[in-house]
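Here are a few notes for your first reading of this model, set out as numbered points. Please keep the structure open beside them as you go.

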Amino acid sequence: MTNTITLGDAMNQLEASLSKIQAHLEPLLSSPLNETIGKLPVMDRCKLEVMVAYAINTLFWIYLKTQGVPPSDHPVMKELERIRGYIQKIKETEGTHKPTMSVDKEAAARFIKNALADSETTEVAKKVVEEEEDNMEVDEEKVEAPVEVTEGETYKKRKPEATKKDTNTPAKKKNAKAKGKKGKN
């Protein structure tokens, strides 16, 4: 047995669907749109106005399709794209939009590796870079400035709670050793 749908069945399904939609829209359509919009918070008002515009233009797009007019050549497509831009802006404002910026981890690792190789760094620094390549994850809130490592120094991650009075930094230790050597000569 084949499961065929007749035109009458399809029309009945369409009418049932439209009845459900009308029941959902009844609270919105029971009073003038200006009154309904005026009662809403600003963000909800923006959402409603954008969705109404999108629905109207989508219905017109469907009408064009049913009339055999290719909607891709019609100005309604530009209008739908414009409205999609507004929807995107609303999502960005609410914070529900995923950020478009991303870090190319492979390119960053190559850049760091080449920069460290050019400055003739120590083996410890090279191992750290290789470990970072394997475990590279970017936390945008905790991004630190790059640390320059020169020959003879080792790479140590700085502790965020260190203060200016901290005398245990590698640079201060190096300066203290240099002063000690000058005094003995």
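1. Before looking at how two helices cross, it helps to know that an axis here is a line fitted to C-alpha atoms, for helices over the stretch in contact, and that angles run from 0 to 180 degrees between N-to-C directions. Please also bear in mind that this is a predicted model.

2. With that in hand, the axes of α3 and α4 come within 10 Å and cross at roughly 155°. Angles over 145 degrees count as roughly antiparallel, and α3 and α4 are therefore roughly antiparallel to each other. The crossing of these two helices, α3 and α4, is left-handed.

3. Does the length of α4 suit a helix, and what should its 19 residues span? Helix α4 covers residues 76–94, and at 1.5 Å a residue the expected span is 27 Å, which agrees with its end C-alpha atoms being 27 Å apart.

4. Which residues of α4 are buried? They are Val76, Leu80, Ile83, Ile87 and Ile90, and because they cover an arc of only 70° around the axis, they lie on the same side of α4. On the other side of α4, by contrast, Lys78, Lys89 and Thr93 are exposed.

5. The cover over the buried residues of α4 includes α3, residues 42–66. Among the α3 residues that take part in the contact between the two helices are Met43, Val50, Tyr54, Trp61 and Leu64, while the α4 residues include Val76, Leu80, Ile83, Ile87 and Ile90.

6. Finally, α4 is followed by Gly95, whose phi is positive, near 85°.

Methods. Residues are numbered from 1 along each chain as its sequence is written. This is a predicted model: local features need pLDDT of at least 70, side-chain atom pairs count only at pLDDT 80 or more; totals for chains, interfaces and linings use all residues. Side-chain values use heavy atoms; hydrogens and water are left out. Helices (H or I, at least four residues) and strands (E, at least two) are DSSP runs, numbered from the N terminus. The expected span of a helix is 1.5 Å times one less than its number of residues. Buried means under 20% relative accessible area, exposed over 50%, partly exposed in between (1.4 Å probe, protein chains only). The arc is that of the directions from the helix axis to the C-beta atoms. Contact means heavy atoms within 4.5 Å. Angles under 35 degrees count as roughly parallel, over 145 as roughly antiparallel, 65 to 115 as roughly perpendicular and the rest as oblique. A crossing is left-handed if the near helix is turned anticlockwise from the far one by less than a right angle, and right-handed if clockwise.
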